[in-house]
Amino acid sequence: MIKNLHNGAASIGFDSPLYFESCASIVSQKEGDGPLGNLFDMICKDPMFGCDTWESAESTLQKEVATLAMNRCSLTPEDVQLMFAGDLLAQTAATSFGSAGIGIPFYGLYGACSTMGESLSLGSLALTAGFGSRVLCTTSSHFASAEKEFRFPLGYGNQRPFSATWTVTGSGACILNTAPPGENSPLRSSGGCAAITGLTAGRVMDYGLKDSMNMGGCMAPAACDTITRNFADFGRTPSDYDAVFTGDLGVIGKKILLDLLGEQNIDLSPIHQDCGILIYDNETQDTHAGGSGCGCSATVLAAYILPKVVSGEWKRILFVPTGALLSKVSFNEGDSIPGIAHAVVIEHVEV
Amino acid sequence: MRNIDEKKYEKYVKQITPTHSLPLNMLKAFFTGGLICLLGQFITDTAHSLGADLSDARTWCSVLLILLSVILTGFGIYPKIGKFGGAGSLVPITGFANSVAASAIEFRAEGQVFGIGCKIFTIAGPVILYGIMSAWALGVIYYILKILEVIS
């Protein structure tokens, strides 16, 4: 049987929801000191996570978070049929040496900071197609390994512009299940649970911006495009959502997004939030425009968003991680920085 | 997809992006750079008064400033100075030493040859290359002017 769940230009509405069975988030001290500090499952004081290099630190972080997500529901790797995971390092090395080492059949992803949206989307598609009953979606980022990969050595004395963001050291993992979570699940309240009911796949949007220190400006058009297509495809307006979370646009990207949507007569300002703005206190933590990285949206989803959807405080939210698709080489060769944003509709479902 | 006016978008983004205050940054750079130079002068004068000739005293100045910068980089203090002082801490010899030491520290995990060896000059490399090239070009101009007896 061929299922046709396609909805409008780029969206998919699932006829049966994909439930969040478990989730976990681990961050470093800086995120622990931020406004969401007491919500994370674990805060590690050692930025090296007990390792010798930044790369292995990130791998360890990601492996720990995947294990924690499984432990919270007393699952073993054999219980999970597929894993979609990624990170920011070249050839997604942190994932290959990290959660992929656990032994779950694994597809590696690169969607820059949008990877959590990408992994949740592909995980939902795989489950809906019948390829298993459980998938693990994991992403991570580390400030030091990302600086080394994309910018300067940490010890180099330079000035960051105000539009720059601070890569989150953290990792988030979610386990999706075709069946509602059991009583012992951390994502089950007396009222119900959280589930993915639809998604809008992102398109690469390029407005020609070349400033790698202003990722918000590079990604805002992609977020705008995905959000408007989500509204059009599902026939919804901002009032149909309790909140719309972009990944890591930061304060400048947020303003651009709201302006771009305003041009199309969509007022998102009452319900729009940005994970990058939520995770740090930009004034006191010197993070300039906000947080960024695959770990940013993933940890905020696991620590802040999902519990509120599970409790029923929010009935329906749109989770839109945003990514800037540049490489060091493309940047040096003078290419522009295209953005992408993948939207996932997460709803409170009564059980 | 809508037709995008890239120039207009770039202009708009530039307009809403806050920037560092240029006069304030220049003042901080002047202050930081000035302090480093003052320290250099102090080292030179001290070495000279202790009996070194002027050429040796200047060598002492360079060597000690580089040493200080490398130590401060190792302790993670130089990035803070750089954040405050901008070009004031970038332009003197200490900034050059910082860029070399920072790369060496960052890439040492990748080994003596492919890590430190290949990547120690990732930031300082262009300065060395184009510094030597411009010195060569100026040397040629100097040589020609001398032949033409414009300068003696």
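Domain bounds here come from an automatic or database domain assignment. The model on display is predicted, and the tour begins with its chain B.

Select chain B and colour residues 22–120 as domain 1 and residues 124–152 as domain 2. With the C-alpha centres of these two domains of chain B marked, the separation between them is 26 Å.

Next, display chain A together with chain B and select the residues in contact. The selection should hold 33 residues from chain A and 32 residues from chain B. Putting the two chains together buries about 2,800 Å², and carbon and sulfur atoms account for 61% of that area. Now show A:K148, A:Q159 and A:Y207 as sticks: these residues supply 25% of the area that chain A buries against chain B, more than any other three residues.

Keep A:K148 in view and add B:E110. Their side chains form a salt bridge, with an N to O distance of 3.2 Å. The count between chain A and chain B is 2 salt bridges. Polar contacts across this interface involve 13 residue pairs, with both residues at pLDDT 80 or more.

Which elements give two or more residues to the side of chain A that touches chain B? They are α6 (215–234) and α7 (250–263) of chain A. Select α7(A) in particular, as this helix gives the most to that side, with 5 residues.

Finally, colour the side of chain A that touches chain B by residue class. Its residues divide into 15 nonpolar, 11 polar and 7 charged.

Methods. Residues numbered from 1 in each chain as written. Chains lettered and ligands numbered in written order. Predicted model: local features only at pLDDT ≥ 70, side-chain atom pairs only at ≥ 80, totals over all residues. Heavy atoms only, no water. Contact = heavy atoms within 4.5 Å. Buried area = accessible area lost by both parts, 1.4 Å probe. Salt bridge = Lys/Arg side-chain N within 4 Å of Asp/Glu carboxyl O. Polar contact = N/O pair within 3.5 Å; in protein donor to acceptor, adjacent residues only side chain to side chain. Helix = DSSP H or I, 4+ residues; strand = E, 2+ residues; numbered from the N terminus. Nonpolar A, V, L, I, M, F, W, Y, C, P; charged D, E, K, R; others polar.
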